[in-house]
Amino acid sequence: MRPTRRQLLGVSLGGVVAAGIGLPAAAADPGIEGLVRSRIRPPRFRDAWFPITAYGATPDDATAGIAAAISACHHAGGGHVVVPPGVWQTGAINLLSHVDLHLEEGATLRFSTDPAAYLPVVRTRWQSVEVYNYSSLIRAEGQTDIGITGKGVLDGAGDNEHWWYLIGSGQYGWHTGLPNQRADWGELERMNNEQVPVEQRVFGAGHYLRPSFIQPFRCTNVLIEGVTVKDSPMWTIHPLECRNVTVRGVTVSNLGPNGDGCNPESCTDVLIRDCTFATHDDCIAIKSGRDADGRRLGRPSRGIIVEDCTFLSGGAAVAVGSEMSGGVEDVFVRRLHAPADPAADEAYLQWLLCVKSTSTRGGYVHNVDVRDVDSRAWMYRPLEVTFSYQGGGDQSLFPDVRDIRFDRVRVARAERAYRIVGAETKHITSVAITDSRFDEVAAEAVVQYADDVTIRNVWIGQT
């Protein structure tokens, strides 16, 4: 549909805005992106195959057989641990160096819903706060060259009767008399704010902080390729403090609470390519620690590439934050697709890019470059940068946010084309929206407390 009028909107409410004039924001440095690409190389595995059935795995209980096959593969110098077609019930899986967990087409690993299957507790982060908690369903710590590949299915078995209700919302099956995570999360937040030593933050048995699905922790050279991952208890793919991570050709289906698709946290050099996401929360969320923990650790996420992915539902296609206190820099987003659903009469993908923080975070977000996006979905705000995500109190630890670029983006329908709002005491710096088109928009764009904002060759049509 052709727009009824052409608008080049630059609404200045405390900032300096250039609408089609002035200098652009800092240009993308192709050298940085090229350097990141040159460093990302998926691991290779020895041509040796270890079927889990040869190590005692049965469909009713594959846990011990999978562990034995992984150990044998690792000690033999590496290779592929093979899950054959069929449905295999399992508890927690721990990967070791040089091992690829390979699911053949028609294979499903269905994970236990018994929290005891994910004990003993391990060091992890829960909503980006350090803690000892249940193991992720698939975990590796301090390993090199690990993989999860194939055409099979990883089923976390989360639903309103298992895991999800612990959010404490009737939408996910909770009712009076059932436990929930609220007290535990409040206590963990207190421990973070007071910087209680991590060794004293022990949850797990008797507590209700849900585990994530896949978490390589402090690993180098990680490959997750081809599999379908569904119904995680919480975050789905959560690389934590890793280097050189490739997530390629993966399908994520997770409509549960906090059911993010892929959350690289405090990672360096990550490629997310050719993936499909159908989530309730953010599809991809780049993180680096929450509040005091994130600032203490000081481990940023840097060198993140997202390209050629499809987004069917969720919060943001790509979010930065809100837990980004350790910093985020050099994020390159390319060729995203959000197809239309003719049956949808409301937003089912809220943002293409949302940079979100609060007054308690601190940290920084530098150099986020989004290009060549086609979105036919009805969405809330294709681009939003905000310092007031879910409250944050009256503190003044706003992040330093600069060099955000949004180029060659086509959006069919939106509430607003963009909303860029910093704080009176901390302005956002250097934002460019260029060569883009928003066909049907209900309300005017907003820019507040932002400096050096360029809006050039942007078409915004009214609904």
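The following exercises, with worked solutions, concern a predicted model of a protein chain.

**Exercise 1. Determine how many helices and strands the protein chain has, and assess its compactness from the radius of gyration.**

Solution.
- The secondary structure of the protein chain consists of four helices and 32 strands.
- The radius of gyration is 22 Å, and the globule rule gives 23 Å for 463 residues.
- These two values are close, so the chain is as compact as a globular protein of that length.
- Along the principal axes, the C-alpha atoms fill a box of roughly 70 × 45 × 45 Å.

**Exercise 2. Describe the burial, contacts and surface of the protein chain.**

Solution.
- Of the 463 residues, 58% are buried.
- Consider next the contacts between residues at least 6 apart in sequence: 75% of them join residues at least 24 apart.
- The accessible surface comes to about 17,000 Å², and carbon and sulfur atoms account for 49% of this area.

**Exercise 3. State how many positive and negative side chains the protein chain has, and how far apart the centres of the two sets lie.**

Solution.
- There are 45 positive and 55 negative side chains.
- The centres of these two sets are 5 Å apart.

**Exercise 4. Establish the number of disulfides, and examine C275 and C283.**

Solution.
- A disulfide requires two cysteine sulfur atoms within 2.5 Å.
- By this rule, the count is zero.
- For C275, the nearest cysteine sulfur belongs to C309 and is 4.7 Å away, so C275 is in no disulfide.
- C275 has 1% relative accessibility and therefore counts as buried.
- For C283, the nearest cysteine sulfur is again that of C309, at 9.4 Å, and C283 is likewise in no disulfide.
- C283 is buried, its relative accessible area being 0%.

Notes:
Residues numbered from 1 in each chain as written. Predicted model: local features only at pLDDT ≥ 70, side-chain atom pairs only at ≥ 80, totals over all residues. Heavy atoms only, no water. Helix = DSSP H or I, 4+ residues; strand = E, 2+ residues; numbered from the N terminus. Rg over C-alpha atoms; globule rule 2.2 N^0.38 Å. Buried < 20%, exposed > 50% of the residue type's maximum accessible area, 1.4 Å probe, protein only. Contact = heavy atoms within 4.5 Å. Areas by Shrake-Rupley, 256 points an atom, 1.4 Å probe, with all protein chains shown as cover. Lys, Arg positive; Asp, Glu negative; His and termini not counted. Charge placed at Lys NZ, Arg CZ, Asp CG, Glu CD.
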